[in-house]
Amino acid sequence: MNRSQYLLLLSATLFSASSIALSPEAIEGNSLYPTCHVCHNQEMDPPLGPPMWGVQRRYKNNTIDDEDFVQSMTNFVKKPTLENALHDMAVERMGLMPPLPLPDELLNKIATYILEEQFPPPCVHWAIAVKESTERGDLEHARKEQGMLNRFCK
Ligand code: HEC
């Protein structure tokens, strides 16, 4: 590799890294995130929790700012209730999330990570859901999941 190729590669790497640069709080949250990933891993069949991509979208659409996002998510995780659940489809399919009564300080960091991360669209999860709901004969649900695949994974 010559020098200009190297510089090009380096700037491409720095650019892509800086476009998803996490705050120090989120970096700490990332290191605690395996606590959530055990269930929120999009590749599980059957799933134990909804992929964070969709959870993040719902929280962004239903909170007024970053602080509200972090606070609402922390409150939910400590004590999930049907009333506070935004993800009706996940509640219906998997039941309400069990409470994880971790200290607020840790949950705030995790929620900050979930706020800032650019999760890839959960294409594996949708493909599993299409197969599973087709087998169950729930074609309406299969169509919904196929729609997500078509929209975000092509
Ligand atoms: C034992 C499995 C499990 C673990 C561990 C888990 N979750 Fe969940 N989570 C679920 C399930 C199932 C749902 C879908 C049902 C629901 O929304 O309550 C869910 C939903 C959610 C939602 C969406 C709630 C809504 O409906 O508005 C958030 C936010 C969330 N989880 C955050 C977290 C965070 C943060 C962690 C880690 C600290 C975590 N979860 C760990 C199973 C889990």
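**Figure 1. Octahedral site of the ligand iron atom in the predicted model.** The iron atom of the ligand has six donor atoms, and the angles among them run from 87 to 180°, a geometry classed as octahedral. For six octahedral donors, the ideal angles are 90 or 180 degrees. The protein contributes NE2 of His40 and SD of Met97, which lie 2.0 to 2.1 Å from the iron atom. These two residues link distant parts of the chain, being 57 residues apart: His40 belongs to helix 3, whereas Met97 sits in the loop between helix 6 and helix 7. His40 has a relative accessibility of 13% and therefore counts as buried, the limit being under 20%. Met97, with a relative accessible area of 24%, is partly exposed.

**Figure 2. Polar contacts of the ligand with His40, His87 and Met97.** In the side chain of His40, an N or O atom lies 2.8 Å from a nitrogen atom of the ligand. His87 takes part through its backbone, where an N or O atom is 2.9 Å from a ligand oxygen atom. A polar backbone atom of Met97 is likewise placed 2.9 Å from an oxygen atom of the ligand. Met97 thus appears here through its backbone, while SD of Met97 is a donor of the iron atom.

**Figure 3. The residue shell around the ligand.** The ligand is surrounded by 27 residues, of which Cys36, Cys39, His40, Leu86 and Met97 are the closest. By class, 22 members of the shell are nonpolar and five are polar, and no charged residue is present. Helix 3 (34-40) supplies the largest share, with five residues. At least two residues each come from helix 3, helix 4, helix 5 (66-78), helix 6 (88-94) and helix 7 (104-116).

**Figure 4. Aromatic pair of Trp53 and Phe152.** Seven aromatic pairs are found in a search of the whole structure. In the pair formed by Trp53 and Phe152, the ring centres are 4.8 Å apart and the planes meet at 70°, so the arrangement is edge-to-face, for which the angle must be over 60 degrees. Because Trp53 lies in helix 4 (residues 52-62) and Phe152 in helix 9 (residues 139-152), the pair ties together parts that are 99 residues apart in sequence. Trp53 is buried, at 11% relative accessible area, whereas Phe152 is partly exposed at 26% relative accessibility.

**Figure 5. Aromatic cluster of Tyr33, Tyr113 and Phe119.** Ring pairs join these three residues, Tyr33, Tyr113 and Phe119, into a cluster.

Technical notes: Residues numbered from 1 in each chain as written. Predicted model: local features only at pLDDT ≥ 70, side-chain atom pairs only at ≥ 80, totals over all residues. Heavy atoms only, no water. Phe/Tyr/Trp six-rings, centres within 6.5 Å; stacked < 30°, edge-to-face > 60°. Helix = DSSP H or I, 4+ residues; strand = E, 2+ residues; numbered from the N terminus. Buried < 20%, exposed > 50% of the residue type's maximum accessible area, 1.4 Å probe, protein only. Near = heavy atom within 4 Å. Polar contact = N/O pair within 3.5 Å; in protein donor to acceptor, adjacent residues only side chain to side chain. Nonpolar A, V, L, I, M, F, W, Y, C, P; charged D, E, K, R; others polar. Donors = N, O, S within 2.8 Å, 3.2 Å for Na, K, Ca; no water. Tetrahedral: all angles 85-135°; square planar, octahedral: opposite > 155°, others 65-115°.
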